[in-house]
Amino acid sequence: MPLNDSFLQELKFKTDIEDIISTYVSLKRRGSTLVGLCPFHNEKTPSFTVYPETQSFYCFGCGAGGDAVGFIRKIENLDYMDAVKSLAERAGMQMPADGYDDSLSKRRRRVLEANRTAAKFFHSSLLSENGKTALSYYLNRGLTKKSITKFGLGYAPDSWDSLIKYLKSQGFTLPEMVEAGLARRSSKGSYYDYFRNRVMTPIIDVRGNVIAFGGRVLDDSKPKYINTNDTLAYKKTNEVFGLNFAKDSGKNSIILCEGYMDVISMHQAGFTNAVAGCGTALTNEQVRLICRYANEVVLAYDADEAGQKALNKAIQMFKQTDIKIRVPVLQYGKDPDEIIKTVGAEKFGGMLEGAASDLEFKILDLRKKYNLNLTQGKVDFVNDVIKIIADTSPVERDLYVSRLSDELGIEKRTFNAQLDTYMSRRSRAEKRSNYKKIVNDSIRQNARISYENGESAKKFKAEERMIYLLVKYPDCLKAIGDFSADYLTSGFMRKLFGLICENISNGADTDITNFGDKLTADECGRYSGIIARGKESANSKEEFSDCLKVISEEYNKKNSKTVSEMNDDEFRKAFGNT
């Protein structure tokens, strides 16, 4: 049963979307709206817009949109009912006593409860007689018992079903254990523990929930590491290990390293703002999460070839945000854990304090490749370094050109001439590439639309405009006549049209709050986009009728098989030469 309308309307009245979103995004007022950098994709120019009048948001860059519930749902990775509960608690409201469908929410809570129970079991096992070898492993790695307790480290016994038996005794079913990623079912139908004879690291989210585990073998057997697969409570691309502690460190910077042990070792040494990504590669979602809790990121990646490759990728990802980037030159070990053991926390701290900006780091790293005592070495270095300097602001470019000209014994005007030539050539190439991309993307989009729905772009535009007019001018419903929802594109459009018409007929609002439990997060975004892109009409009923006419005609064309679409060559000709 869905939530009742009176509850949702009270929640909407007591919730200010500006207050909700401003705790995650820095917003600036622009007329009647507010804008900021989108928290759901990397951008430097604000395209994320909040509409206080309709209590909604929409990003013109990535298409994310919805109401306050939809925002919390997306940014906190919650299902609909848990997002509603979160806002209700914030507003001091009790969830309605009458029945509502929160089965997915209940399943997610059971996953979290099973994980928390498993974490306690693993930790107790580590401190038991059977866990002596595992405890020695941690102690030999230099961890104190205080750090072991702080991070809830544990041990999965060398048994096929010890965790299953314990979880059963605590009231969990086998399907719940499988859904949490703690147990597996064999091809013969029997169940077994997923983690066995491994030291265990629980992964805890920023709200303090145990959402997953990482397990490492104690010998040389393979695989060396196994991790919880994605579940209702965990998606590795969205989570950052150690952020639950780092966000409360009182520092405006976050140290990002590669491994769980690096994070634990750094916290033990006093660097309580250290974190690591979950999974093998840094993701855009993790970058955005880090940016929510810091103004600066220090990239303390491993010094080996794989680490430096990952470092360069991380720099490019963080450069798409407005966070400050610094990169230390790590010595005396391949990773932070080894360096701290070798030279101590103070010396490692000095490396972090002396961390250069990402630009300085790139230039220093580039210098190592060339012999600057040779003329050819200088020429090759300049040819490469201008590619780095070209991406900076005019002031930074001037400062770097002045400094490097003096250091290399090259006249500044000669250096600038080389730089200008490179930038002009690159600009022309980018324009050609961007133009070609626009044309090719349009071709692909038209092809996809045609393939998936067999509909024309003209019909899609008319459908979106019709939806906007119906929402903004509900009286348009009276002009619907014998128009059938079957004329609309199947799926989202028919679904949305039906919901809107039903609410208007019943005298209910058509804002997104009323549809949050009926539309998916992506559908909420599409609905918000239609409203955000729409413009007011001078004659809404006449325009509405025109839209119905276009939709009907295009529908009849399609069904009489008389529609003709431009082929790729015709499309390119319409856009001009590429």
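This is a working chat about a predicted model of one chain.

User: What are the ground rules for numbering and confidence here?

Analyst: Residues are numbered from 1 along each chain as its sequence is written, and side-chain values use heavy atoms, with hydrogens and water left out. The model is predicted, with local features needing pLDDT of at least 70 and side-chain atom pairs counting only at pLDDT 80 or more, while totals for chains, interfaces and linings use all residues.

User: How many helices and strands does the chain have?

Analyst: There are 24 helices and 17 strands. These are DSSP runs, helices being H or I with at least four residues and strands E with at least two, numbered from the N terminus.

User: And what does the C-alpha trace span, and what share counts as buried?

Analyst: Along the principal axes the trace spans about 80 × 80 × 45 Å. Of the 578 residues, 47% count as buried. Buried means under 20% relative accessible area, exposed over 50%, and partly exposed in between, with a 1.4 Å probe and protein chains only.

User: Which residues in the largest nonpolar core touch the most other members?

Analyst: Y138, F213 and F348, in a core of 60 residues. A nonpolar core is a set of buried Ala, Val, Leu, Ile, Met, Phe, Trp, Tyr and Cys residues joined through side-chain atoms within 4.5 Å.

User: Which helix gives the largest share of this core?

Analyst: Helix α5, residues 103-126, with 8 residues.

User: What is F348 in contact with?

Analyst: Leaving aside neighbours within four places in sequence, F348 contacts M266, F271, L330, P336, I339 and I340. Contact means heavy atoms within 4.5 Å.

User: M266 sits in which helix, and which other residues there are buried?

Analyst: M266 is one of the buried residues of α11, along with Y260, D262, V263, I264, S265 and H267 among them. That helix covers residues 260-268, and 8 of its 9 residues are buried. Just after α11, G270 takes a positive phi of about 105°.

User: Back to α5. Is H123 there buried or exposed?

Analyst: H123 is found in helix α5 and counts as buried, at 18% relative accessibility. Not counting residues up to four places away in sequence, H123 touches I148, T149, G152, L153 and G154.

User: How many aromatic pairs turn up?

Analyst: A search of the whole structure finds 24. One of them is Y58 with F60, edge-to-face at 5.0 Å centre to centre and 90° between the planes. Rings of Phe, Tyr and Trp (its six-membered ring) pair if their centres lie within 6.5 Å; planes under 30 degrees apart are stacked, over 60 edge-to-face and the rest tilted.

User: How accessible are Y58 and F60?

Analyst: Y58 is buried at 7% relative accessible area, whereas F60 is partly exposed at 44%.

User: Which residues form the aromatic cluster?

Analyst: F121, F122, Y166, Y194, F195 and F213 form one cluster. F213 also appears among the core residues touching the most other members.

User: How many cavities are there?

Analyst: There are 4 of 30 Å³ or more, and the largest has a volume of about 90 Å³. A cavity is a set of points, on a 1 Å grid over the protein atoms alone, where a 1.4 Å probe fits but cannot get out; lining residues have an atom within 4 Å of a point. Points are joined across faces, edges and corners, and the volume is the space filled by probe spheres set on them.

User: What lines the largest one?

Analyst: L8, L11, K12, T15, Q55, D67, A68, V69, L87 and T513. Helix α1 gives the most, with 3 residues.

Technical notes: On a 1 Å grid over the protein atoms alone, a cavity is a set of points where a 1.4 Å probe fits but cannot get out, and a pocket is an open set with protein on both sides within 12 Å along at least five of seven lines; lining residues have an atom within 4 Å of a point.
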